[in-house]
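Open the model in your viewer and keep the sequence panel visible. The tour runs from the whole chain down to one side chain.

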Amino acid sequence: MNDHPKQQNAPGQSRVARRRARVRADLLAAARQVFARRGYQDATITEITQLADVAMGTFYLHFRDKEQLFAALAEQGLQIIRDQILAVLATRSSEQTIPLVIGTLLQSAYEQRELFLLICAGEGQNITQTYIFSAEEGLAELLLPALQVAKDQGQLATYDPVLLARLMISMIIQAITWWLENDEPGPDVMAEHILYLVGHGLPAWLLA
């Protein structure tokens with residue numbers, strides 16, 4: 001008998017959860033616009049709530065302050081990139097992992113250039129540092145299985161696959177920071193540059 005009231009409440013609880021998720025999504029979408037237009041320092045919670053058509057009190061049910069909202073926005077952007085990479089890997093499993101990861105990551109990051117400009121600028125960098133480091137680790141882990149196979153086959157000599165994965169991700173991060181001031185080259189050409197350097201290296205005479 002005690003289960004019946006719970007079953008009656010379940011649809012209502014589900015509606016509350018869906019509404020809460022929609023409000024949060026609206027706040028994040030509004031924040032992305034306001035931060036892009038104003039920058040982190042000049043953006044205000046008032047402007048964000050007005051754009052999202054959300055009461056100020058409702059804002060504080062979702063986020064403690066502007067800093068937490070900005071961190072959530074950065075986390076969302078980084079998660080979008082990871083989800084897109086995983087989706088590509090799942091649907092194109094017959095292709096080489098490393099080119100797929102590099103190409104998809106660069107394409108997704110290029111589409112979110114405004115967000116990365118915010119993340120890498122001033123106060124934004126301090127707020128999102130933990131998320132960026134975690135994202136870099138997660139992306140490196142996507143490269144690691146292919147490198148480990150090469151290591152097991154004796155093709156990487158004494159080189160550490162974990163370190164190689166992190167170095168490749170560092171190259172990609174530098175490519176993304178290039179776009180903070182330059183729109184070109186686009187993601188396809190940028191991927192070609194990185195893959196050339198990874199696959200062929202520099203001419204030997206440059207290193208002698």
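Helices and strands here are DSSP runs, with at least four residues for a helix and at least two for a strand, numbered from the N terminus. Keep in mind that this is a predicted model.

**Whole chain, cartoon view.** Colour by secondary structure. The protein has 9 helices and 0 strands. Followed along the sequence, the pattern reads α-α-α-α-α-α-α-α-α. The protein is more spread out than a compact globule, because its radius of gyration is 22 Å, well over the 17 Å that the globule rule gives for 208 residues. Now align the view to the principal axes. The C-alpha atoms fill a box of roughly 70 × 50 × 25 Å.

**Contacts.** Switch on contacts with a separation of 6 or more. Of these, 65% join residues 24 or more positions apart.

**Surface.** Show the surface and colour by element. About 12,900 Å² is exposed, and carbon and sulfur atoms supply 54% of that area. How much of the protein is buried? Buried residues account for 34% of the 208 residues.

**The patch.** Select Leu197, Leu202, Trp205, Leu206 and Leu207. Together they make a nonpolar surface patch of about 580 Å².

**Trp205.** Zoom in on this member of the patch. Where does Trp205 lie relative to helix H9? Trp205 is found in the segment after that helix, which spans 187-200. Is Trp205 buried or exposed? Trp205 counts as exposed because its relative accessibility is 65%, and the cut-off for exposed is over 50%.

Conventions. Residues numbered from 1 in each chain as written. Predicted model: local features only at pLDDT ≥ 70, side-chain atom pairs only at ≥ 80, totals over all residues. Heavy atoms only, no water. Patch = residues over 30% accessible without salt bridge, like charges linked within 9 Å, V, L, I, M, F, W, Y side chains within 5 Å. Areas by Shrake-Rupley, 256 points an atom, 1.4 Å probe, with all protein chains shown as cover. Salt bridge = Lys/Arg side-chain N within 4 Å of Asp/Glu carboxyl O. Buried < 20%, exposed > 50% of the residue type's maximum accessible area, 1.4 Å probe, protein only. Rg over C-alpha atoms; globule rule 2.2 N^0.38 Å. Contact = heavy atoms within 4.5 Å.
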